[in-house]
Every structure is written in structure tokens, then in C-alpha cells.
Amino acid sequence: MKDIYLEIEKLSDELNNRDELKLIRKVEEELKSNDEVLKLVNEFNIAQSEYNSALNHFEFDSLEAKEYQKKLFDKNNELNSHPLVKEYLELLNRINEPLFYLELKLSSIFNLPIKK
């Protein structure tokens, strides 16, 4: 039987040497230096704070809270529709897909519930 630890190390090396990881690091650096993205992130963070504050003062389903919720939703969409952010999110999905599959396989072996 093969040494399981060697197999895990090989798998880890394969996952860590994927092209997507190299690309996402590059895109992360671009995100950090892109003024438009930084502005969108700041606007999203402000909208998030305003929404959280609104929930401290208004009922969740109140008109006021829904207005702040819509603003947060809109700011999130603006941020996620930026081409650089879209590229980052697509790469992140491609990076995470085999990890989710691995978690599924391991969970099924031990009959563990899958975290969501």
C-alpha cells in the first residue's frame, strides 16, 4: 500500500502548482492597485455598514431596512460586475472546485455531513 502521507503531499503539490493559482495572485495584485475597484469596495463597505446600522434601528422587513438592503445589493452588483473582479471570482471558482470535490469525497467516505 502506498504511503497515504506521500499521496497527500503529491496532491497538495498538484493543487498548489495549478496555473489558476498563479493567475489569481496576479489578479489580486491588480485588484489592490486598481482605483476603480478600490472605490467600489469602499462604496460596498459603506453600504454594508449602513445596512447593518439600519437593522439596529428598524425591523428587518421594514421599508427603511429594505431601502438600505437594495443599496447594498446594488453596490455588490456594481463591484462584482467589474471585469477584474469577475476574473478574480471566476478563477476563485476554478481553484475551489477540486477542493469542494475532495471534501465531498472525504465526507462520503466517513459519512460526515458536508459544510455549506
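**Exercise 1.** Determine how helix α2 passes helix α5 in this predicted model, and which residues make the contact.

*Solution.* Step 1: α2 passes α5 in a left-handed crossing. Step 2: The axes of α2 (residues 19-33) and α5 (residues 83-110) come within 10 Å and cross at roughly 150°. Angles over 145 degrees count as roughly antiparallel, and the two helices are therefore roughly antiparallel to each other. Step 3: On the α2 side, the contact is made by E20, L21, L23, I24, V27, E28, E30 and L31; α5 contributes L84, V85, E87, Y88, L91, L92, R94 and I95. Step 4: Sorted by class, these comprise 11 nonpolar, no polar and 5 charged residues.

**Exercise 2.** Two residues of α2 in this contact, E20 and E30, also form salt bridges; identify the partner of each.

*Solution.* Step 1: The side chain of E20 meets that of R18 at 3.6 Å, N to O, and both residues are buried. Step 2: E30 pairs with K26 at 2.8 Å, N to O. These two residues lie 4 residues apart in α2, about one turn of the helix. Step 3: E30 counts as partly exposed because its relative accessibility is 28%, and the partly exposed class runs between 20% and 50%.

**Exercise 3.** Establish where H82 is found and whether H82 is buried or exposed.

*Solution.* Step 1: H82 is found in the loop between α4 (63-80) and α5. Step 2: The cut-off for buried is under 20%; at 9% relative accessibility, H82 therefore counts as buried. Step 3: Setting aside neighbours within four places in sequence, H82 is in contact with N34, E36, V37 and L40.

Notes
Residues are numbered from 1 along each chain as its sequence is written. This is a predicted model: local features need pLDDT of at least 70, side-chain atom pairs count only at pLDDT 80 or more; totals for chains, interfaces and linings use all residues. Side-chain values use heavy atoms; hydrogens and water are left out. Axes are lines fitted to C-alpha atoms, for helices over the stretch in contact, and angles run from 0 to 180 degrees between N-to-C directions. Angles under 35 degrees count as roughly parallel, over 145 as roughly antiparallel, 65 to 115 as roughly perpendicular and the rest as oblique. A crossing is left-handed if the near helix is turned anticlockwise from the far one by less than a right angle, and right-handed if clockwise. Contact means heavy atoms within 4.5 Å. Ala, Val, Leu, Ile, Met, Phe, Trp, Tyr, Cys and Pro count as nonpolar, Asp, Glu, Lys and Arg as charged, and the others, Gly among them, as polar. Buried means under 20% relative accessible area, exposed over 50%, partly exposed in between (1.4 Å probe, protein chains only). A salt bridge is a side-chain nitrogen of Lys or Arg within 4 Å of a carboxyl oxygen of Asp or Glu.
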